[in-house]
Amino acid sequence: MTYEKTRKENPLQLTVEQHFHTAHAIAKFYNTNGNVEVKDINTGEVLHRNKRAKIFSTKRNWDERAEKGFMAQIEADFHNQIDSLILGRPRDDSAISKYLALWRLRHKFHLERSSDAPLSGVDGEYLTKKQQEILEKRGIGYINERAEIPARQLTGIQIQIGVDQLMQTLGGIKWGLLHSKKSQFLCADCYHRVLFIPVSPVLALAGNLPDQELTDAEVSIANHHSVNSASQFYFGSYLEKCPIA
């Protein structure tokens, strides 16, 4: 399903390009060329992309209320953690787990985009495009002229509820910090099955493991899991520096 475009020149500056994994987190893998190296699983091609590249985002998949509301708070809390990671220092495990839940759900809806949901016994609202965008900008929902709830409104609500549901199992996770002195970590487009979040070429968070230094062989095993976790791509600072077991 394609996304609904905004009015010409997007006068209310509604978010169109939405990252399922944040641009801030991707940028922590930047190499000296100011980008990351991305391995496209389908083509095998290695791409050189910055954090704003289309491969890292979806288009207007959830509404502005979600994007600028609860999602922004989860992202900010996670960024505060990954910007100050030190071996042996306490960290906010809940903030990390909540971000993993958000990442998983946004990626899920990126791969399986929802459709507008028809309502029975309800008349449609004949709002202009401008009126619809004003309501969305203010965080107010509406139904369209076909008596449907726009997919992005539903997706925003489903993700918000889904985060709370996933936190019932992720809420007790203790996140350990893994550090590599030489070899570099890969990062998958998402981690749906493992408790793992690479946060830089030499740092990764792992669920229910203690803080520790990793050998090159151990990093290669971690990268093996990243490759297996990836749906469409994985990336790193320099792929040649990322051994895979």
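Author: A disulfide, as used here, is a pair of cysteine sulfur atoms within 2.5 Å. By that definition, the search of the whole structure finds zero disulfides. The model is predicted, so local features need pLDDT of at least 70 and side-chain atom pairs count only at pLDDT 80 or more, while totals for chains, interfaces and linings use all residues. Residues are numbered from 1 along each chain as its sequence is written, and side-chain values use heavy atoms, with hydrogens and water left out.

Reader: What makes Cys-190 a cysteine without a bond to Cys-187?

Author: Cys-187 holds the closest cysteine sulfur, and it is 9.0 Å from the sulfur of Cys-190, which is too far for a bond. Cys-242 is in no disulfide either, its nearest cysteine sulfur, again that of Cys-187, being 10 Å away.

Reader: Are Cys-190 and Cys-242 buried or exposed, and what are the cut-offs?

Author: Buried means under 20% relative accessible area, exposed means over 50%, and partly exposed is in between, with a 1.4 Å probe and protein chains only. Cys-190 has a relative accessible area of 0%, so it is buried. Cys-242, at 6%, therefore counts as buried too.

Reader: Why is Leu-135 called partly exposed?

Author: Leu-135 has 21% relative accessibility, and the partly exposed class starts where buried, under 20%, ends. Leu-135 is located in helix α5. Here helices (H or I, at least four residues) and strands (E, at least two) are DSSP runs, numbered from the N terminus.

Reader: What is Leu-135 in contact with, leaving aside its neighbours within four places in sequence?

Author: Contact means heavy atoms within 4.5 Å, and Leu-135 has such contacts with Leu-127, Ile-140 and Tyr-142. Glu-64 is 71 residues from Leu-135 in sequence, and the two C-alpha atoms are 9.8 Å apart.

Reader: How do you know that the span of helix α6 agrees with its number of residues?

Author: The expected span is 1.5 Å times one less than the number of residues. For the 20 residues of α6 (residues 151-170) that gives 28 Å, and the end C-alpha atoms are 27 Å apart, so the two agree. Among the buried residues of α6 are Arg-152, Gly-156, Ile-159 and Met-167. The buried residues of α6 pack against α2 (64-68), α3 (70-82), α4, α5 (129-137) and β6 (148-149).

Reader: What makes a set of residues a nonpolar core, and which members of the largest one touch the most others?

Author: The set must be buried Ala, Val, Leu, Ile, Met, Phe, Trp, Tyr and Cys residues joined through side-chain atoms within 4.5 Å. The largest has 55 residues, and Trp-103, Ile-159, Ile-197, Leu-205 and Phe-235 touch the most other members. Helix α4 (residues 93-111) supplies the largest share, eight residues. Beyond four places in sequence, the contacts of Ile-197 include Phe-78, Trp-103, Trp-175 and Leu-205.

Reader: Which strands form the sheet with β9 and β10, and why do they count as paired?

Author: Two strands pair if DSSP finds at least two bridges between them. Four bridges join β9 to the antiparallel strand β10 (residues 203-207), so the pair meets that threshold. The open sheet has the order β9-β10-β7-β11, with mixed pairing. Its edge strands, each pairing on one side only, are β9 (196-200) and β11 (212-214). β7 and β10 pair in the antiparallel sense over five bridges.

Reader: Which residues of β10 stand opposite Ile-197 and His-179?

Author: Ile-197 faces Leu-205, while His-179 is opposite Leu-203. Pro-198 has Ala-204 as its bridge partner. Two residues lie between β9 and β10 in the hairpin they form.

Reader: How do you know that both faces of β10 are covered?

Author: Leu-203, Leu-205 and Gly-207 on one side are buried, as are Ala-204 and Ala-206 on the other. That is five of its five residues.

Reader: What makes β8 an edge strand of the other four-stranded sheet?

Author: β8 (187-188) pairs on one side only, as does β3 (46-49). This open sheet runs β3-β2-β12-β8 with antiparallel pairing. Two bridges join β8 to β12 (residues 233-236), so the cut-off of at least two is met. In one of these bridges Ala-188 has Tyr-234 as its partner.
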